[in-house]
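User: I would like to learn how to read the strands and the core of a protein model. Could we work through one example?

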Amino acid sequence: MIASTTRRIVVGVAVIASVWLTGSVEASVDAPSDAGSVEFVDPTSREPITSGDSNTPFVLRAPVDSVCPGDSANDDWRVQSFLIPVTDDPATIQYGVIGAEGDGQFAVYSLQTRPYVDTLTEANGAAGLPGRIPETVALSFGVFPAGTLTESRYRIGLACTLFRETAVYWDTEIELTPAPEVEPGQFRWTVAGASVAEESDGGSSGLYALLALGAVAVVGLLVVRWRRSSRRDQNPTTQSKESV
């Protein structure tokens with residue numbers, strides 16, 4: 001009888017330990033899914049930005065109404081940030097206590113040099129309901145010494161994890177280019193594809209400016225001629241002299 005009771009206690013303790021370590025004996029995630037892109041936002045103006053340097057502060061914003069399958073308060077879901085080579089798959093990231101642990105993989109850091117990891121979702125009233133992803137704190141690449149991030153293309157984004165296993169993620173590609181004059185990282189970044197659009201917009205803006213100047217010049221010439229004609233019509237002396 002005592003042995004049977006002891007056996008039950010041992011089994012119970014094992015189950016409790018399993019739940020404590022894994023969160024739930026049934027907790028699991030489906031195949032990770034790509035839910036879209038993140039957007040860089042200026043922390044002050046709250047407007048989107050598409051470029052900066054290693055010191056530029058920014059906020060990462062997931063699409064409106066982005067959620068994790070559950071919240072943090074009831075279901076233990078967390079939000080992670082990641083910065084990984086473009087050839088790596090965000091669905092396969094292994095997260096540790098300070099972020100992504102793969103070769104050349106990092107968390108994104110706040111202005112206070114803290115990794116944005118294991119962040120809580122907004123709370124729900126009950127378990128099993130989606131947890132809304134909050135906008136990040138102000139972040140930057142200023143924590144990375146020169147040479148840590150090389151001239152290359154990276155994926156940067158956010159992921160919903162259950163016990164650090166990815167379920168949903170949002171990411172955007174950025175291109176890094178050398179900038180030795182920028183300390184400490186010595187690089188600039190641009191959202192992939194944004195530079196082409198900006199150059200195109202810049203050319204159009206220049207053309208519009210030239211057209212506007214031309215239009216102003218034409219209007220000005222017409223006004224001058226009209227004024228001269230009006231003066232002649234109003235001055236008979238001038239008309240008689242011109243006729244003689």
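Analyst: We will take the strands, then burial, then the core.
The model is predicted, so local features need pLDDT of at least 70, side-chain atom pairs count only at pLDDT 80 or more, and totals for chains, interfaces and linings use all residues. Residues are numbered from 1 along each chain as its sequence is written, and side-chain values use heavy atoms, with hydrogens and water left out.

User: How many helices and strands are there?

Analyst: Helices (H or I, at least four residues) and strands (E, at least two) are DSSP runs, numbered from the N terminus. This protein has four helices and 14 strands.

User: Which strand pairs with S6 over nine bridges?

Analyst: Two strands pair if DSSP finds at least two bridges between them. S6 pairs with S12 in the antiparallel sense, and Ser81 has Leu158 as its bridge partner in S12. S12 is also joined to S13, again antiparallel, by 10 bridges. In the hairpin of S12 and S13, two residues lie between the strands, and Phe163 takes a positive phi near 50°.

User: Why is S12 largely enclosed by the rest of the structure?

Analyst: Buried means under 20% relative accessible area, exposed over 50%, partly exposed in between (1.4 Å probe, protein chains only). S12 is largely enclosed because eight of its 10 residues are buried. Of the 244 residues of the protein, 30% count as buried.

User: What is the largest nonpolar core?

Analyst: A nonpolar core is a set of buried Ala, Val, Leu, Ile, Met, Phe, Trp, Tyr and Cys residues joined through side-chain atoms within 4.5 Å. The largest here has 34 residues, and Leu83 and Ile156 are among those with the most contacts inside it. S6, S12, S13 and S14 each supply at least two residues of this core. A second, separate core of seven residues includes Ile84 and Tyr169.
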